[in-house]
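Welcome to a small set of exercises with worked solutions. Take a look at the sequence and the structure, then work through the tasks one step at a time.

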Amino acid sequence: MKLHLENKTALVSGSTKGIGLAIALQLAMEGARVIVNGRAESGVASAIEQIRQSVPNGQVEGIACDLSTMKV
């Protein structure tokens, strides 16, 4: 697939496992800068490592937070 995602940023919520991780991995393969999100820091770190193993030159970052609640 060629989606032309170079120079684009994708925040994928719930991307530490399952479908979210698969989406984040595919976006990284397509050239997007990917921000992985999950509730636990350990899950985020694991997902980043998995993506980096498959896409060594990929731009992957992570943030551990719960996006279902807004705190002001």
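## Exercise 1: The core

The largest nonpolar core has 16 residues, and Leu27, Val34, Val36 and Ile51 are the ones that touch the most other members. A nonpolar core here is a set of buried Ala, Val, Leu, Ile, Met, Phe, Trp, Tyr and Cys residues joined through side-chain atoms within 4.5 Å.

Task: find which helices and strands each supply at least two residues of this core.

Solution.
- Step 1. The contributors are β1 (9-12), α1 (18-29), β2 (33-38) and α2 (41-54). Helices (H or I, at least four residues) and strands (E, at least two) are DSSP runs, numbered from the N terminus.
- Step 2. Take valine 36 as an example: leaving out residues up to four places away in sequence, its contacts include Val12, Val44, Ala47, Ile48 and Ile51. Contact means heavy atoms within 4.5 Å.
- Step 3. For background, nonpolar side chains tend to be buried together in soluble globular proteins.

Before going on, a word on the source: this is a predicted model, in which local features need pLDDT of at least 70, side-chain atom pairs count only at pLDDT 80 or more, and totals for chains, interfaces and linings use all residues. Residues are numbered from 1 along each chain as its sequence is written, and side-chain values use heavy atoms, with hydrogens and water left out.

## Exercise 2: A salt bridge

Task: name the partner of glutamate 61 in a salt bridge, and say which strands the two residues lie in.

Solution.
- Step 1. A salt bridge is a side-chain nitrogen of Lys or Arg within 4 Å of a carboxyl oxygen of Asp or Glu. By this rule the count is one.
- Step 2. The partner is arginine 33, and the closest N and O atoms of the pair are 2.8 Å apart.
- Step 3. Glutamate 61 lies in strand β3 and arginine 33 in strand β2, so the pair ties together parts that are 28 residues apart in sequence.
- Step 4. Glutamate 61 is partly exposed at 39% relative accessible area, and arginine 33 is partly exposed at 26%. Buried means under 20% relative accessible area, exposed over 50%, and partly exposed in between (1.4 Å probe, protein chains only).
- Step 5. Besides Arg33, glutamate 61 is in contact with Val34, Ile35, Val36 and Ile48, leaving aside neighbours within four places in sequence.

## Exercise 3: Three asparagines

Task: decide for asparagine 37, asparagine 57 and asparagine 7 whether each is buried or exposed.

Solution.
- Step 1. Asparagine 37, in strand β2, is buried, with a relative accessible area of 4%. Its side chain reaches the backbone oxygen of isoleucine 63 at 3.3 Å.
- Step 2. Asparagine 57 sits in the loop between α2 and β3 and is exposed at 78%. From C-alpha to C-alpha, asparagine 57 is 9.3 Å from methionine 29, although the two are 28 residues apart in sequence.
- Step 3. Asparagine 7, in the segment before β1, is exposed at 81%. Its phi is near 65°, a positive value in a residue other than glycine.

## Exercise 4: Isoleucine 63

Task: find where isoleucine 63 lies and which residues make a nonpolar surface patch with it.

Solution.
- Step 1. Isoleucine 63 belongs to strand β3 (residues 60-64) and is partly exposed at 41%.
- Step 2. Together with Leu11 and Leu67, Ile63 makes a nonpolar surface patch of about 290 Å². Patches are made of residues with over 30% relative accessible area and no salt bridge: like charges are joined within 9 Å, nonpolar side chains (Val, Leu, Ile, Met, Phe, Trp, Tyr) within 5 Å.

Key:
Areas by Shrake-Rupley, 256 points an atom, 1.4 Å probe, with all protein chains shown as cover. Polar contact = N/O pair within 3.5 Å; in protein donor to acceptor, adjacent residues only side chain to side chain.
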